[in-house]
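Hi,

Here is the structure I promised to pass on to you. Have a look at it first, and then read my notes below.

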Amino acid sequence: MAAHIIRRLIWLPVVLFFVSVITFALGLYGPGNPVTVMLGLHATPDTIARLNQEYGFDQPFHVQYLHYIGNALQGNFGYSLVKYRDQPVGRLIAERLPVTMQLNLLALIIGSVLGIPLGILAGLYRNSWFDWSVRTLSLIAVSIPIIFLMPVLLFVFSRQHEIILSFSNSKFTLGPFLPMVAGRWEGIFSGKIVLPVLIESLGFIAILTRQMRAGMIDVLGQDYVRTARAKGSWVCRSAVWSRARSWLKIFLAFPASAVSRSKRSIRASTM
Amino acid sequence: MAEKSDNRWLIGVVVILVVALVGAVCVGAGALLFLSQQPTTAQTSPVPGGVSTPGSSAPKPGAPPAATRAPSSAARNVLRLPGEEPPTLDPALTGDASSAEYVVEIFSGLVMLDKNLKVAPDIAEGWKVSEDGKTYTFTLRKDARFHDGRPVTAQDFKYSIERTANPALASHTAETYLGDIVGVKEKLNRKAQAVDGVKVIDDYTVEIKIDAPKAYFLAKLTFPTAYIVDKNNVERGGRTWTDKPNGTGPYKLQEYVRGQRIILAKNDNFYLDPKPTVATVEYILAGGSAMTMYENGDMEVVPVGLSDIERVSDPASPLNKELYTGPRLSTGFVVFNTRKPPFDDPKVRQAFALAIDRQKLVDVVYRKMPSVATTILPPGMPGYKESDAKPAFDAAKAKQLLAESKYAGKLPEVTWTTTGGGGTTPQGIQAMAAMLKENLGVNVSIQQTDWATFIGQLNDPAKNPYQIFDIGWIADYADPENFLSILFRSGSTQNWAAYSNPEVDKILDQAGSEKDLTKRFALYQQVEQMILADNPVLPLTFEREYWLTKPYVKDMLYPPLIIPRLRYVSLAK
Amino acid sequence: MASAHTALPRQSKINLRARSPWAQLFMRLVRNVPAFIGLLFVLAFFLVAIFANVLSPYSYDKQDLDNVEKPPSALHLAGTDTLGRDMLSRLIYGTRSSAFVVLLVTAVNLLLGVPLGAIAGYFGGAVDNFIMRVADILFAFPGLLFTFLIAATVRPAILDWARANGLGDLARTGYLDYAVVILALGLIGWAGLARFVRAQVLAVKEREYVVSARSTGVPTSKVILRHILPNALAPIIVMLSMGMGFIALSEGYLSFLGIGLQPPNPSWGNIMAENAGRYWRRYPEMLWLVFIPGLLFTIIVLAFSFLGDGLNEALNPEID
């Protein structure tokens, strides 16, 4: 196990190197050129040539790449060219990162707190009505297209539609929970984060439930657990301990899935 | 048996856990709901005589919640409106409307555009133009100050121009707006150390020499590229000096959180009248549901989009009273590349132009938001001549013209290139392609491409591979030259149709240096008709501004060009 | 529901054992109600795609500017869109686009993922290391990001190249848009499959019959094809069928974002994108503009998921 981890860690820089080359190349050879975008409809061939030279876009690929990676390794990711002209890219990332992390962490906590027990239970009572409904709901949660879910949720959350409580005459709307309308990040205790966190944790819950359920079934199927169960020993203990390794794996995999989850919520909040 | 009881015990524990957590989440959500309402009460309660106490905040039947919230904003003297993220706040790098919107409030220059889009004195209180029209002498106001209190002098202007022309700054607007000044192009191309054309006579007098007499030069100086920046501020702040800009304009930058908000605070020492009265202007940058926020009373001003326009235009709608609509100096065109077959034949161009039913397109697809364009110059532009002529549409004549053209019966493949908002092929283009098929029997295929590639090709008119495409032009300054010369003079980079008519070129040059405005506009109107007769483009739409303004906001301007406008606004208490 | 679910498989256990493994699989699948419903929807999806031209009442791009945004009626069962095109016809042809992409991407994934995974698993060592590191690189890009990047950056380049090399027709008819979507999804999707096949191969490799086959000098290719792959086939099928839903979903997202299929070629994604803005403010009068394509899209993705999930369950039958 340790040897495996070390081997993978040695490979990490190589993988990162290729990722950086691919990303850089896609950016460089992708559509258009930052100078053209910057100039818009006012470009003249002279201006284009002048700016290409000032920014070094006329240099060969490897020179530009080395320049970029050399600076990046020293923590300088360069300066934004078009959208936030002359702002350091590292700073732009640092400004957004805390919000992304808070959102993800909250969704992750809610996701694990609900997803793990649900998954364990569903695994223990495989094929019961409980398992059936947990499985169905988690499948729906992972596969419902966000481009359909968002219009529906945004509509539900809109302030224009009032929900009348049956037990009193008061009306209330989900409007305060509508994300992004205020244009300011108000922290995780603001109602504005409910919708993004809801959507994000929905995905977490679904994935965790499915993984835990599969893990449970796997463990319960193993010989020693069967024996233990037959002998009447505490199922939970043996099952959970034997899963320790898989749990570790799941938690190690979180950063990656957290990133892809957060994309989901970003899309949700920009639509 | 033992197994079962074990399981039950386990289940019990897990169920309790889940219930407890769900409960906690619900309570948490309740707390969130409570907390999220806190700021609202906090905002409204300090208002003297304000409406809201927590108990009374439940909306009365029939009364929109907005009504109870509105006065608080007015009383706090805050104007909230949606804003776009500015690519830069550096005047020298400003080339787009979203940046200019803020830059014109924070900074200022020698001259500006007033409410009527006329060039008016700003930091310069007056100027003289020499006989040959090539030397401008500006006298600066003595009371103009930077936000930190330092007086503005002629050296500051000189420094600003030198900085913009510094090739290392890589300003992309320098040539367009300052290129007429002697020495700017040389410095940009590293052929000169300094801009010879700008001379400081004394602290409050500056002289500018341009390369040829140009009636529109002063209009160009109103653009942020020629604005004044503070040398100390720029040099101390380094590359990100605009985080704390020390400008001269009517508003100061109080706070800028990227992706969230820009807050401007009024400059009490502003030198011009009227002085700004609204204490704080808050631009909300996170887009999305500005309209919802407006209706909820969370914004004072909002632009109306395509999806809301019918609802808002309905006279029965309460919002209709708050609607402002006016021109924007922008024309949408269909461009025929006169160098590419089949559009090298004027008859084909005319046939295509006649086969597009612009009225229907605007009515149905664009929901009447823009108006149909029949001229190149948009309404509001000096020299614009209103015509009662209906937009020409004649399918029979179009077919006949096509049959008379040299491509009759052997029309090459026609591909319409379009960029698309958000990537997808715009509906208007799909509709026009369908009209061409129906009215002319021509199969036009649509090719959607990204903006960067598109302008990259357009900027090289000699090699532009696109046969027919759609594009809009927004005026940089209120002068017909900005449309007619830039788009149709031979050799201009923005002459997308690759149109060339020596007669037209001659009149354009003549109009460019004509000092008498009436004569000048007459020349432009004449040349406009000549161009239209040749059909290098089909003017499609005149864009319009649609804004909703809360009734308690007074004198909010929606000019067709970006001008400093916030100092005119006031909020009724 | 609950009792039906727990009781049925137990009663029929003996029955199942008597049949071939594939029949058993099918029977188990059929007994799983959601999976079976999923299967029916998936079949319907492909049938509609095949017979799109027969089923659709109008042409998918015929505009009628005098009849825009009409609610569902006898003439237009799903209403008309913002250019007066028949929504039902567009949705039916959108099914065809979606099915086309789903099948081709699955094929690309299969052709890349299975051989690469099998080779990596069987040979191990440097070959394994190389293939898996390439897969790692692809995995390093979160979610669909790499797909979006490729679709957004490669599309203009491919279109330009095609136009410059006499393939303008392909660009114009939109076939290249399909190609780009398939490329973008296919290039990414194989990595997951390869990892999976590799794990399967590793698991099977040490079984006695494989070891004995190798020791008796049976050629490597034969061992892989005859002994290893057949055993891994069923899980691969499950994996692919679960992947189909994801592919349909991704195609919808790409087209929704404008980097997939372009209108007037219909795709559920671009139909929703074209109509979303209108629906937004005109609720509830224009519900059909977004809800009908959205629901269909959701149903198909769910159908694929339930089918895959059911197959998965059927392959790993109850332990006890």
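Let's start with one bridge: Tyr256(B) is partnered by Ile262(B), which sits in S9(B). Please keep in mind that this is a predicted model. The bridge is part of a pairing between S8(B) and strand S9 (residues 261-266) of chain B, which is antiparallel and runs over six bridges.

Zoom out a little and you'll see an open sheet of four strands in chain B, in the order S1-S10-S9-S8, with mixed pairing. Its edges are strand S1 (78-82) and strand S8 (251-257) of chain B, and each of them pairs on one side only. From one strand to the next, the twist averages 20°.

Chain B also has an open sheet with the order S4-S5-S7-S6, where four strands pair in the antiparallel sense. Why do strand S4 (124-129) and strand S6 (198-202) of chain B each have one side without a neighbour in the sheet? They stand at the edges with a single partner strand each, so there is nothing in the sheet on the other side. Neighbouring strands here are turned by 20° against each other on average, if you ignore direction.

S6(B) is joined to strand S7 (residues 205-209) of chain B by four bridges, in the antiparallel sense. In one of the pairs, Asp202(B) has Thr205(B) in S7(B) as its bridge partner. Helix H4 (residues 154-165) of chain B lies across strand S5 (135-140), S6 and S7 of chain B, and it runs at about 170° to S6(B).

Now for the place where chain B meets chain C. How many residues does each chain bring to the contact? Chain B gives 29 residues and chain C gives 27 residues. The area buried between the two chains is about 2300 Å², with 44% of it from carbon and sulfur atoms. Ser307(B), Gln427(B) and Gln430(B) supply 23% of what chain B buries against chain C, more than any other three residues.

There are two salt bridges between chain B and chain C. In one of them, Arg367(B) is joined to Glu69(C), with the closest N and O atoms 2.9 Å apart. You'll also find seven residue pairs in polar contact between these chains, both residues being at pLDDT 80 or more. On the side of chain B that touches chain C, the largest share, six residues, comes from H14(B). That side of chain B divides into seven nonpolar, 13 polar and nine charged residues.

Cheers

Technical notes: Residues are numbered from 1 along each chain as its sequence is written. Chains are lettered from A and ligands numbered from 1 in the order in which they are written. This is a predicted model: local features need pLDDT of at least 70, side-chain atom pairs count only at pLDDT 80 or more; totals for chains, interfaces and linings use all residues. Side-chain values use heavy atoms; hydrogens and water are left out. Two strands pair if DSSP finds at least two bridges between them. Helices (H or I, at least four residues) and strands (E, at least two) are DSSP runs, numbered from the N terminus. Axes are lines fitted to C-alpha atoms, for helices over the stretch in contact, and angles run from 0 to 180 degrees between N-to-C directions. Contact means heavy atoms within 4.5 Å. Buried area is the accessible area (1.4 Å probe) that two parts lose on being put together, summed over both. A salt bridge is a side-chain nitrogen of Lys or Arg within 4 Å of a carboxyl oxygen of Asp or Glu. A polar contact is a pair of N or O atoms within 3.5 Å; within protein, one must be able to donate a hydrogen and the other to accept it, and residues adjacent in sequence count only if both atoms are side-chain atoms. Ala, Val, Leu, Ile, Met, Phe, Trp, Tyr, Cys and Pro count as nonpolar, Asp, Glu, Lys and Arg as charged, and the others, Gly among them, as polar.
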